[in-house]
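Student: I have a structure to study and should like to learn how its descriptive terms are justified. May we go through them one by one?

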Amino acid sequence: EEAWVLSNLGNIYYLSRQPDLAHRAYTEALAIYEQSAHLQGQAICHNNLANIASDKNDPIEAEQHQQRGYELYQQTGDQAGVATALTNLANTLQAQGRTEEARQLYPQAFAIFGQLRDEVRQADVYGNLGSLALAERDLQNAIDLFKRDLATSTQSQNIYGQAVTLANLAQ
């Protein structure tokens with residue numbers, strides 16, 4: 001399918017640090033997915049376009065794509081997609097200083113990841129909440145959350161997650 005090929009081509013461009021080409025490929029894939037009413041494909045494209053917008057430091061566009069991706073994942077019933085979209089949206093809101101809105105989304109994502117038994121992603125949410133607490137200078141809460149992140153990452157044998165968390169604790 002042409003849209004699938006374009007979306008994967010976008011992934012190749014994105015991973016090879018060619019965001020303009022990735023953006024064009026994702027946008028073309030999105031148009032095809034919209035024409036064929038393929039909701040899952042649309043959600044994935046919106047998520048990918050949000051990543052490009054975040055990388056370009058355009059939180060408004062990132063938020064728009066993340067919100068649309070979230071809505072589409074909800075329509076498809078893809079709970080992993082919903083939780084990922086919530087986490088990404090919360091990260092974008094946090095980066096904009098909209099901490100209260102972000103604080104409301106992280107627990108929702110955490111609960112869904114728990115239902116899916118995805119400890120790696122739950123650890124990520126602990127880390128995101130720790131970063132939020134650190135930004136608010138709530139150091140003890142940040143340390144506690146990073147420790148939970150580290151324990152969960154260790155339990156799930158996520159070496160990368162452990163390294164990130166140790167770096168966060170070192171701050």
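Tutor: We may, beginning with the salt bridges: this structure, which is a predicted model, has seven salt bridges.

Student: What makes the contact between K56 and D20 a salt bridge?

Tutor: A salt bridge requires a side-chain nitrogen of Lys or Arg within 4 Å of a carboxyl oxygen of Asp or Glu. For K56 and D20 the N to O distance is 2.8 Å, so the pair satisfies the rule. In general terms, side chains of opposite charge can pair when their charged atoms come close.

Student: Which parts of the chain does the salt bridge of K56 and D20 tie together?

Tutor: K56 belongs to the loop between α3 and α4, and D20 to helix α2 (residues 19–35), so the bridge ties together parts that are 36 residues apart in sequence.

Student: Why is D20 called exposed, while K56 is called partly exposed?

Tutor: Exposed means over 50% relative accessible area, and partly exposed lies between 20% and that value. D20 has 56%, so D20 is exposed. K56 has 45%, so K56 is partly exposed.

Student: How do you know that E63 and R98 form a salt bridge?

Tutor: Their closest N and O atoms are 2.8 Å apart, and the limit is 4 Å, so the contact qualifies. E63 lies in helix α4 and R98 in the loop between α5 and α6 (99–115), so parts 35 residues apart in sequence are tied together. R98 is partly exposed, at 25% relative accessibility. E63 and R98 also belong to a network of salt bridges that includes E101.

Student: What makes E136 and R103 a salt bridge, and where do the two residues lie?

Tutor: The closest N and O atoms of E136 and R103 are 2.6 Å apart, which is within 4 Å, so this pair also meets the rule. E136 is in the loop between α7 and α8 and R103 is in helix α6, so the pair links distant parts of the chain, 33 residues apart. E136 has 35% relative accessibility and counts as partly exposed. R103, at 30%, counts as partly exposed too.

Student: Let us turn to the helices. Why are α3 and α4 called roughly antiparallel?

Tutor: The axes of α3 (residues 39–55) and α4 (residues 59–76) cross at roughly 160 degrees. Angles over 145 degrees count as roughly antiparallel, and therefore α3 and α4 receive that description. Their axes come within 8 Å, and α3 passes α4 in a left-handed crossing.

Student: Are α5 and α7 roughly parallel or roughly antiparallel, and how do you know?

Tutor: The axes of α5 (residues 79–95) and α7 (residues 119–135) cross at roughly 15 degrees. Angles under 35 degrees count as roughly parallel, and therefore α5 and α7 are roughly parallel to each other. These two axes come within 11 Å, and the crossing of α5 past α7 is left-handed.

Student: Is T92, in helix α5, buried or exposed, and how do you know?

Tutor: T92 has a relative accessible area of 7%. Buried means under 20%, so T92 is buried. T92 and S16 are 76 residues apart in sequence, and their C-alpha atoms are 23 Å apart in space.

Student: What makes the phi of N57 notable?

Tutor: N57 has a positive phi, about 60 degrees, although N57 is not a glycine. N57 sits in the loop between α3 and α4. At 66% relative accessibility, N57 is over the 50% limit and so counts as exposed.

Student: Where is R137 found, and why is R137 called exposed?

Tutor: R137 is in the loop between α7 and α8. Its relative accessibility is 74%, which is over 50%, so R137 is exposed. R137, which is not a glycine, has a positive phi, near 65 degrees.

Student: Which residues make the nonpolar surface patch, and why is L169 called partly exposed?

Tutor: L139, I143, L166 and L169 make a nonpolar surface patch of about 320 Å². The elements giving two or more residues to this patch are α8 (139–155) and α9 (159–170). L169, found in helix α9, has 31% relative accessibility. That value lies between 20% and 50%, so L169 counts as partly exposed.

Notes: Residues are numbered from 1 along each chain as its sequence is written. This is a predicted model: local features need pLDDT of at least 70, side-chain atom pairs count only at pLDDT 80 or more; totals for chains, interfaces and linings use all residues. Side-chain values use heavy atoms; hydrogens and water are left out. Patches are made of residues with over 30% relative accessible area and no salt bridge: like charges are joined within 9 Å, nonpolar side chains (Val, Leu, Ile, Met, Phe, Trp, Tyr) within 5 Å. Accessible areas come from the Shrake-Rupley method with a 1.4 Å probe; for residues, only the protein chains shown count as cover. Helices (H or I, at least four residues) and strands (E, at least two) are DSSP runs, numbered from the N terminus. Buried means under 20% relative accessible area, exposed over 50%, partly exposed in between (1.4 Å probe, protein chains only). Axes are lines fitted to C-alpha atoms, for helices over the stretch in contact, and angles run from 0 to 180 degrees between N-to-C directions. Angles under 35 degrees count as roughly parallel, over 145 as roughly antiparallel, 65 to 115 as roughly perpendicular and the rest as oblique. A crossing is left-handed if the near helix is turned anticlockwise from the far one by less than a right angle, and right-handed if clockwise.
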